[in-house]
Amino acid sequence: GDNSVAVEHANAYLGDIYLTIKQLDLAEIYIKKAIVCNPKKPDYHYMLGFLYSTQNQWEKAIREFEAATEKNPHNAEFLRGLGWAEFNAGNRLKGIAYLKKAHELEPSNVNILLDLANTYLLNLNFDEAKQYAQEALHLNPGNTLAQQVFDKICQFQRDYGRATNQ
């Protein structure tokens, strides 16, 4: 307790562990304690933003991702989180813009590609959605999530086509 850096790291690691095992109330407590110890550390804000995203608390998530990207504007993962939160909060164009910026920074990041695929699917832009999913599969052919996303896009496109042609 008398070493502030040790307290900061202990809280951050406990928060991360609780986040991993989905004990979100405890994760939030420890991540917030880590932020109190070092409010300028962008990783802690990212972790809290991620936690809020898992709870669909988009406005809170956006605030935390913005705090992270303010301190590290070229971190693709921080931008991915911000983009996903903005998109889900209803700011679709802004969300896609952040995701595209993240993609520019890390073009081989499968998670960014899949987020882009999902956003385009939700916007009913099947060609773009498939393009991003195929790119993810090309980069990581054994990625089951990428295959599931691609299959979901194809199935939804078929179902949508049948529904609109009736």
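Select helix α7 (residues 110-122) together with helix α8 (residues 126-139), which pack at an angle of about 160° with their axes 7 Å apart; helices here are DSSP runs of H or I with at least four residues, strands are runs of E with at least two, and both are numbered from the N terminus. The axes are lines fitted to C-alpha atoms, for helices over the stretch in contact, and the angles run from 0 to 180 degrees between N-to-C directions. α7 and α8 are therefore roughly antiparallel to each other, in a scheme where angles under 35 degrees count as roughly parallel, over 145 as roughly antiparallel, 65 to 115 as roughly perpendicular and the rest as oblique.

The crossing of α7 and α8 is left-handed, a term used if the near helix is turned anticlockwise from the far one by less than a right angle, with right-handed used if it is turned clockwise. To show the contact (heavy atoms within 4.5 Å), display V110, L113, L114, L116, A117, Y120 and L121 on the α7 side, and F126, E128, A129, Y132, A133, E135, A136 and L139 on the α8 side. By class, the residues of this contact between α7 and α8 comprise 13 nonpolar, no polar and two charged, where Ala, Val, Leu, Ile, Met, Phe, Trp, Tyr, Cys and Pro count as nonpolar, Asp, Glu, Lys and Arg as charged, and the others, Gly among them, as polar.

Before going on, note that this is a predicted model, in which local features need pLDDT of at least 70 and side-chain atom pairs count only at pLDDT 80 or more, while totals for chains, interfaces and linings use all residues. Residues are numbered from 1 along each chain as its sequence is written, and side-chain values use heavy atoms, with hydrogens and water left out.

Next, select L124, which sits in the loop between α7 and α8. Its phi is near 60°, a positive value in a residue other than glycine. Most residues other than glycine have a negative phi. With a relative accessible area of 37%, L124 is partly exposed; buried means under 20% relative accessible area, exposed over 50%, and partly exposed in between, using a 1.4 Å probe and protein chains only.

A second residue to compare is K22, in the loop between α1 (4-20) and α2 (24-37). The phi of K22 is near 60° and thus positive in a residue other than glycine, and K22 counts as exposed, at 68% relative accessibility.

Now move to R92, which belongs to helix α6 (residues 92-105) and counts as partly exposed at 34% relative accessibility. Leaving aside its neighbours within four places in sequence, R92 is in contact with E86, F87, L122 and N123. With N123, the side chain of R92 makes a polar contact through that residue's side chain, at 2.7 Å; a polar contact is a pair of N or O atoms within 3.5 Å, where within protein one must be able to donate a hydrogen and the other to accept it, and residues adjacent in sequence count only if both atoms are side-chain atoms. Adding Y120 to the selection shows a pair, R92 and Y120, that lies 28 residues apart in sequence and 9.8 Å apart in space, C-alpha to C-alpha.

From R92, extend the selection to all of α6 and to helix α5 (residues 76-88), which pack at an angle of about 160° with their axes 7 Å apart. That makes α5 roughly antiparallel to α6. The residues in contact are A76, L79, R80, L82, G83, W84, E86 and F87 of α5, with R92, K94, G95, I96, Y98, L99, K101, A102 and L105 of α6. This contact of α5 with α6 has 10 nonpolar, two polar and five charged residues.

Beyond α6, pick N109 in the loop between α6 and α7. N109 counts as buried at 13% relative accessibility, and a polar contact of 3.0 Å joins its side chain to that of E106.

Then turn to helix α4 (residues 58-71), which packs against α5 at an angle of about 155°, with the axes 9 Å apart. α4 and α5 are therefore roughly antiparallel to each other, and α4 passes α5 in a left-handed crossing.

Finally, show the whole protein chain, which has nine helices and zero strands. Its C-alpha atoms fill a box of roughly 70 × 30 × 30 Å, taken along the principal axes, and of its 166 residues, 41% count as buried.
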